[in-house]
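Grab a pencil and work through a few exercises on the structure shown here. Try each task yourself before you read the solution.

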Amino acid sequence: MQGIYNVLVKLSGAVLKSAGKFSPKLKEFTEGRKDLFPKLEAGIDSSQEYFWVHAASLGEFEMAVPVLQMLKNKYPERKILVSFFSPSGYKNKKKHPLVDLFTYLPLDTKENASKFLEIVQPKMAFFIKYDFWPNFLNELKEREIRTFLVSVVFRKDQAFFKPYGKWMLKSLQAFEHFFVQNEESRNLLNSAGFENVSLSGDTRFDRVAAQIEANNQIDFIEQFKGEEMLVVCGSTWPEDEDLMIDFINSSVKIKFIIAPHEIKPEKIRALEKKISISCIKYSEKEGKNLENYRVLILDTIGLLGRAYSYANIAYVGGAAGHTGLHNILEPATFGIPIIIGENYDKFPEAERLRQLAGLFSVKNSGEFSAIMTRLYTHSDFREKSGMISGHFINSNTGATRILEEYLSK
C-alpha cells in the first residue's frame with residue numbers, strides 16, 4: 001500500500017502544477033514550493049540547532065503558539081522552524097516573534113523528506129493536531145529524531161484503525177509521545193498498541209486564555225459600540241450571513257461587527273447588498289462618526305480576536321455550511337455566549353460547550369432570531385451563559401504545561 005501511496009504523491013505533484021493554471025489556490029500551493037530547498041538552505045543557520053514545528057494551516061499555528069512560547073522560554077539557545085502545508089497559513093504568518101524561519105512543507109516523497117531533514121537537522125519535531133505524512137515520519141524515525149504529536153484527536157473512522165491502514169498506523173511509531181485531546185483518542189491508540197500517550201487537552205485553551213492578559217483595546221470599536229449591546233460575528237461565510245441577516249436588518253438596539261472569512265472585494269460587496277440598515281466598512285471608517293452606524297464590516301484581518309473582547313454575544317461562522325466551524329474558544333475566553341450553525345459534529349469542544357449551555361446551535365434564521373431575542377431581553381440568561389463559556393476555558397487550560405513537564409523528565 002505504501003508503494004501505491006508513493007506513486008500517487010508523485011503523480012499529484014504533476015497534477016497540481018497543471019491544475020494551478022485553473023485554480024488560484026492550487027497555483028499558490030505549487031508556486032510557493034518553487035525553489036523550496038534553496039530557500040531553506042539559505043535561511044537555515046547551520047551553526048545553530050533547530051526545533052521543527054509543523055502546522056497544517058493557520059488554525060494549527062494558533063494552537064502551536066503556546067508550544068512555541070514554551071520552547072523559547074525553556075530552550076532560549078535553540079532556533080525554531082515552522083512549516084506549513086497550506087498557503088493560507090504560510091501567507092498570513094511569514095513573520096512571528098517566536099519563529100526564526102517559516103517554510104512550506106514539500107510534498108511527502110522519500111526524497112523530499114530526506115532532503116528536508118538533511119538541511120534542517122532538527123533536534124526535536126512537533127506535529128500539531130494532525131497532518132500525518134508517512135515518509136516524513138519514517139525518515140524522522142530512521143534518524144532517531146525525537147518527535148511528538150501535540151493536541152491530536154483520533155477518530156475510529158480514520159484509516160489508521162482500518163485493516164487497509166496498517167501501514168499508516170506503523171508510521172505513527174515515529175512519535176516518541178502522543179499528547180491527545182480526549183479519552184477516545186487515548187483509547188484508540190491504546191487499542192492499537194500505543195501506550196506512550198498522555199491525556200493533555202488542547203493547547204488552544206492555553207492560547208486563548210493568554211489573550212485576556214493582552215492589550216485588547218481598539219479605539220474605533222469603542223467609538224462604534226458606545227453604550228449599546230454588540231454582537232461580533234466572526235469568520236462568517238455566506239451561509240452564516242443568511243442565517244443572521246433578517247435579524248440584523250430588523251435590529252434597532254443592537255450593533256453588529258461582521259468579520260467575513262473571505263475579504264475579497266466582491267465578497268464584501270455581496271455582503272453589503274444584503275444589509276439594509278446603516279453599515280460601514282473598516283476600510284472606509286476614517287473621518288466618519290462610527291456611532292451613527294449599526295453594522296461595521298471588518299474587511300481586514302488581525303482584529304477579530306481583540307474585537308471579541310467588546311462583544312456581549314458572539315456568532316462564530318463555518319457551521320451553517322460545510323466549510324468547518326471556526327474557533328469558538330476565542331470568544332469564549334471573554335466570557336460571552338456563543339451562537340453557531342448546525343454542522344459541528346467534528347468539533348468536540350463545541351458539543352461540550354453546547355451541553356453546558358454556553359453555546360447555542362441554530363438551523364435557520366428563525367432559530368437565530370429566537371436565541372438572539374432571548375439573549376438580548378434576558379440579561380441573567382445572557383450573563384449565565386457567558387460565565388459558563390469563560391469557566392469552560394479556565395477549566396481546560398494546561399496542555400502546554402503537560403508537554404513541558406514531559407520534556408523536563
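The exercises below go from the overall layout to single residues, and keep in mind that the model is predicted.

**Exercise 1. Find the domains and say how far apart their centres are.**

Start with the split along the chain: domain 1 covers 13-201 and domain 2 covers 216-395. Next, take the centres over C-alpha atoms, which puts 32 Å between domain 1 and domain 2. Then bring in the record: an unreviewed UniProt entry lists residues 46-206 as "domain: 3-deoxy-D-manno-octulosonic-acid transferase N-terminal". Over residues 46-206, helix makes up 39% of the chain and strand 22%. The end C-alpha atoms of that stretch are 32 Å apart.

**Exercise 2. Work out the strand order in the sheet that holds β4, and say which strands stand at the edges.**

Step one is the order: seven strands run β3-β2-β1-β4-β5-β6-β7 in an open sheet, with parallel pairing. Step two is the ends of that list: β3 (101-104) and β7 (197-199) each have a single partner strand, so one side of each has no neighbour in the sheet. Step three is the twist, which averages 20° from one strand to the next.

**Exercise 3. Take the β4/β5 pair and set out its bridges.**

First fix the limits: β4 spans residues 124-128 and β5 spans residues 146-152. The two pair in the parallel sense over five bridges. Now look for partners. Met124 has Arg146 in β5 as its bridge partner, and Ile128 has Val150 in β5.

Is β5 enclosed or open to the outside? Count its buried residues: six of the seven are buried, so β5 is largely enclosed by the rest of the structure.

To finish, add the helix on this part of the sheet. Helix α7 (residues 134-142) lies across β1 (50-55), β4 and β5. Against β4, α7 runs at about 155°.

**Exercise 4. Look at the loop between β4 and α7 and pick out the backbone oddities at Lys129 and Asp131.**

Begin with Lys129, which sits in that loop. Its phi is positive, about 70°, although Lys129 is not a glycine. Asp131 is in the loop between β4 and α7 too, and its phi is near 75°, again a positive value in a residue other than glycine.

Which of the two labels, buried or partly exposed, goes with each residue? The cut-off you need is 20% relative accessible area, with buried meaning under that value. Lys129 has 22%, so it is partly exposed. Asp131 has 9%, so it is buried.

**Exercise 5. Place Glu60 and list what it touches.**

The reason to look here comes from the record: an unreviewed UniProt entry puts the feature "active site" at Glu60. In the model, Glu60 is in helix α4. Its relative accessibility is 9%, so Glu60 counts as buried. Leave aside neighbours within four places in sequence, and the contacts of Glu60 are Ala55, Ile128, Lys129 and Tyr130. You've met two of these already: Ile128 is the residue bridged to Val150, and Lys129 is the loop residue with the positive phi.

**Exercise 6. Describe how α4 packs on α10.**

Get the geometry first. Helix α4 (residues 58-74) and α10 have axes 8 Å apart, at an angle of about 80°. That makes α4 roughly perpendicular to α10. Then name the residues that meet: α4 brings Glu62, Met63, Val65, Pro66 and Val67, while α10 brings Thr203, Arg204, Asp206 and Arg207.

Now step back to the loop between β7 and α10 (203-211), where Ser200 lies. With 10% relative accessibility, Ser200 counts as buried. Skip residues up to four places away in sequence, and Ser200 touches Phe179, Val180, Gly398, Ala399 and Ile402.

**Exercise 7. Repeat the strand analysis for the sheet that holds β9.**

The order here is β10-β11-β9-β8-β12-β13-β14, an open sheet of seven strands with parallel pairing. The edge strands are β10 (279-281) and β14 (359-361), each with a single partner strand, so one side of each lacks a neighbour in the sheet. Ignoring direction, neighbouring strands are turned by 20° against each other on average.

For one pair, take β9 (residues 254-260) and β11 (residues 295-297), which pair in the parallel sense over three bridges. Here Ile257 stands opposite Leu296 in β11.

Definitions and conventions
Residues numbered from 1 in each chain as written. Predicted model: local features only at pLDDT ≥ 70, side-chain atom pairs only at ≥ 80, totals over all residues. Heavy atoms only, no water. Pairing = 2+ DSSP bridges. Helix = DSSP H or I, 4+ residues; strand = E, 2+ residues; numbered from the N terminus. Axes fitted to C-alpha atoms, helices over the stretch in contact; angles between N-to-C directions. Contact = heavy atoms within 4.5 Å. UniProt positions renumbered as here; feature names shortened; annotations may be inferred. Domains from an automatic or database assignment. Buried < 20%, exposed > 50% of the residue type's maximum accessible area, 1.4 Å probe, protein only. Parallel < 35°, antiparallel > 145°, perpendicular 65-115°, else oblique.
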